[in-house]
Amino acid sequence: MSASQKVVIAGAGIIGAVAAFELSRAGADVTIVEARPGPGEGVSAASFGWINAITFDPENDPAIYALRQNAFRAWAALERALDCPLPAHRQGALFWGDSVAETMEALEGHRKAGGNYKLLNQAEIAAMLPQLAVPPETALYAPEEFALDVTATTRLLLKAAAEAGTTLITGTEITAIESKGGRVTGVRAGDTRLEADNLIVAAGTGSSRILAPFVQDLGVKASPAALVTVTGNFPQTTCITDSPELEFRVPTPGLLISAHSMPKGEDPEGTLAQRTVDRAQRVLKETGEVTVQSVQIGQRPFPDGGIPLVGPVTSLPGAYIAAAHPGVILAPAIGATIRDLVNGRIAGSGLQPRAV
Ligand SMILES: Cc1cc2nc3c(=O)[nH]c(=O)nc-3n(C[C@H](O)[C@H](O)[C@H](O)COP(=O)(O)OP(=O)(O)OC[C@H]3O[C@@H](n4cnc5c(N)ncnc54)[C@H](O)[C@@H]3O)c2cc1C
């Protein structure tokens, strides 16, 4: 890739940041444009950040399962390339179902698909999570699973991308795409025009709007989810825990964060706040008073069918879309795929590109 190849990236979330890092390291002249005041302030800021395969049923989509399994190596490779530790919470992950049968069924599904998890008994679970009120009879443990502080990771990637020549423009919205002879030539970003040989649309739920003149229905919907942070007597950091009642981790003593799907009805924030307090007090013992610190609702970019949408825009040569859920797990594969496509190479990440 030559330094004269101008690439504009729309959106400085985790996906845009990995793409900027990969493209600038490959030698492109990269500018990344973010509408918000800073990078990583979109849905990435509300993310639980869990790099996981343990909660995914391989039978649902063997290809996505393989990508999730590969994500641990892919994030480790990015960490080596960054030459600095990722802002990660690393104590592994614990999962159990509603019944022993459900947990064993999950284990069997993973084993058939090549996933290797440790089966823990009640005493081992109690030793790992001493604050659990009622440890389950059995659970699966994934020592290599971890969670990222996604905003901090986004910033770290963009700092390294800047050192490799990337320009970051924040507080500026991309409002139009310019083209000549049917090919992308630039974008309108705030009051200025930026020249572009390539445009990467990594704008999360804002992607459809940017591409609307060229793609009638991108098929990326906004899917809300919430991150609730509470304080209380949580004396020890814990592994990531996915129990039937609560998905949580304690990244630092005294602070519990948990991820939730959206409840129906009025006042979802209030419902989620109360739900988290109640469940934290039920699942854990001796929590003391549990106080809600924040309820963040994020709109996840959810491509139709749940399949990552990463590939060229057929009606606009030079432009690419990069939208996926779960975007943090898949970000390294997406960034590498975008780099290879822009470079005119066959994508080597294992992620199947899809043209729109
Ligand atoms: C509660 C919750 C828990 C989650 N847990 C996990 C998890 O454990 N693991 C996981 O992998 N995923 C998880 N996710 C999903 C994950 O957070 C997203 O898939 C990921 O952050 C998407 O990254 P992104 O870069 O595509 O989007 P974003 O972070 O939203 O980045 C897109 C950026 O584009 C900008 N933008 C939009 N329009 C324009 C424009 N016109 N011009 C310039 N900039 C623009 C936006 O401001 C935004 O900053 C979770 C999400 C939520 C809400």
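Two strands are said to pair if DSSP finds at least two bridges between them. With that definition in hand, this tour visits one sheet and two helices of a predicted model.

**First stop: the sheet**

Please select residues 183-189, which make up strand E11. Strand E11 and E12 pair in the antiparallel sense, over four bridges. One pair to display here is Ala 189 with its bridge partner in E12, Thr 192.

Now extend the selection to the whole sheet, an open one built of three strands in the order E10-E11-E12, with antiparallel pairing. Its edges are strand E10 (174-180) and strand E12 (192-195), each of which pairs on one side only. Direction ignored, neighbouring strands of this sheet are turned by 30 degrees against each other on average. As general background, strands of a sheet pair through backbone hydrogen bonds, either parallel or antiparallel.

**Second stop: helix H3**

Next, select residues 100-112, helix H3. The 13 residues of H3 should span 18 Å at 1.5 Å a residue, and the end C-alpha atoms are indeed 18 Å apart, so the expected and modelled spans agree.

Which residues of H3 are buried? They are Thr 103, Ala 106, Leu 107 and His 110. These residues lie on the same side of H3, because they cover an arc of only 100 degrees around the axis. To see what covers them, add strand E5 (93-95), strand E6 (118-121) and strand E7 (138-142), which are included in that cover.

Then rotate the view to the face of H3 turned away from its buried side, where the exposed residues Ala 101, Glu 108 and Lys 112 are found. Before leaving, select Gly 114, which follows H3 and has a positive phi, near 90 degrees.

**Third stop: helix H2**

Finally, select residues 62-82, helix H2. For its 21 residues, a rise of 1.5 Å a residue gives an expected span of 30 Å; the end C-alpha atoms are 30 Å apart, and therefore the two values agree.

Where does H2 bend? Centre the view on Ala 71, at which H2 bends by about 40 degrees. Ala 71 is also one of the buried residues of H2; the others are Ile 64, Tyr 65, Leu 67, Arg 68, Ala 74, Trp 75 and Leu 78. Displaying strand E3 (50-51) and helix H8 (327-342) brings into view part of what covers these buried residues.

The tour ends just after H2, at Asp 83, which takes a positive phi of about 60 degrees.

Notes:
Residues are numbered from 1 along each chain as its sequence is written. This is a predicted model: local features need pLDDT of at least 70, side-chain atom pairs count only at pLDDT 80 or more; totals for chains, interfaces and linings use all residues. Helices (H or I, at least four residues) and strands (E, at least two) are DSSP runs, numbered from the N terminus. Axes are lines fitted to C-alpha atoms, for helices over the stretch in contact, and angles run from 0 to 180 degrees between N-to-C directions. The expected span of a helix is 1.5 Å times one less than its number of residues. A residue is buried if 20 or more other C-beta atoms lie within 10 Å of its own, exposed if 12 or fewer, and partly exposed in between; C-beta atoms are placed from the backbone. The arc is that of the directions from the helix axis to the C-beta atoms. Two residues are in contact if their C-beta atoms, placed from the backbone, lie within 7 Å. The bend at a residue is the angle between axes fitted to the seven residues ending there and the seven starting there.
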